[in-house]
Amino acid sequence: MVYKLTNLSRQEVDAMLGLQLADTRVYREAKEEGREEGRQEGESALILRLLSRRIGEVTPERRSQIQALSINQLEALGEALLDFTQPEDLEEWLRSHLSPL
């Protein structure tokens, strides 16, 4: 059944099941997960732009680490970066807030 659902539009699934998919818990949860992912991507993009302006270009490895941070970690980094003056400040922050690099 799940395989069939992946190939159908939301309207087709609604008609097939006889209910509004948007009213289901799974739909609401998926929608919320999508919002959280979008928020995380947006925040990490903003943090990376701010870091580039503050301390210069961020290495690809550090970019990947920053993009993997949780919302709470991104918010903490966003606040901390206001005090950064050199790339080493980012390195130190990552060392103290993440598992070993």
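In the predicted model, Arg62 forms a salt bridge with Glu61, with the closest N and O atoms 3.2 Å apart, and Arg62 counts as buried because its relative accessibility is 11%, under the 20% limit. This pair belongs to a wider set of charged contacts, as a search of the whole structure finds eight salt bridges. Among them is the pairing of Arg63 with Glu57, whose side chains meet at 3.7 Å, N to O; Arg63 is partly exposed, with a relative accessible area of 28%, whereas Glu57 is exposed at 65%.

Salt bridges also involve residues of helix H3, which spans residues 25-55. The side chains of Glu32 and Arg35 meet at 3.7 Å, N to O, and because these residues lie three apart in helix H3, about one helical turn separates them. Glu32 is partly exposed at 37% relative accessibility, while Arg35 is exposed at 51%. Glu43, likewise placed in H3, is linked with Arg39 and Glu75 in a network of salt bridges. Glu43 is buried, with a relative accessible area of 17%, and touches Ile71, Leu74 and Glu75, residues up to four places away in sequence not being counted.

Helix H3 packs with helix H4 (residues 60-67) at an angle of about 145°, the axes being 9 Å apart. This contact is made by Gln40, Ser44, Ile47, Leu48 and Leu51 of H3 together with Arg63, Ile66 and Gln67 of H4, and H3 passes H4 in a right-handed crossing.

On the surface, Met16, Leu17 and Leu19 form a nonpolar patch with about 240 Å² of accessible area together; of these residues, Leu17 lies in helix H2 (residues 10-17) and is partly exposed at 35% relative accessibility.

Definitions and conventions: Residues numbered from 1 in each chain as written. Predicted model: local features only at pLDDT ≥ 70, side-chain atom pairs only at ≥ 80, totals over all residues. Heavy atoms only, no water. Helix = DSSP H or I, 4+ residues; strand = E, 2+ residues; numbered from the N terminus. Buried < 20%, exposed > 50% of the residue type's maximum accessible area, 1.4 Å probe, protein only. Contact = heavy atoms within 4.5 Å. Patch = residues over 30% accessible without salt bridge, like charges linked within 9 Å, V, L, I, M, F, W, Y side chains within 5 Å. Areas by Shrake-Rupley, 256 points an atom, 1.4 Å probe, with all protein chains shown as cover. Salt bridge = Lys/Arg side-chain N within 4 Å of Asp/Glu carboxyl O. Axes fitted to C-alpha atoms, helices over the stretch in contact; angles between N-to-C directions. Left-handed = near helix turned anticlockwise from the far one by under 90°.
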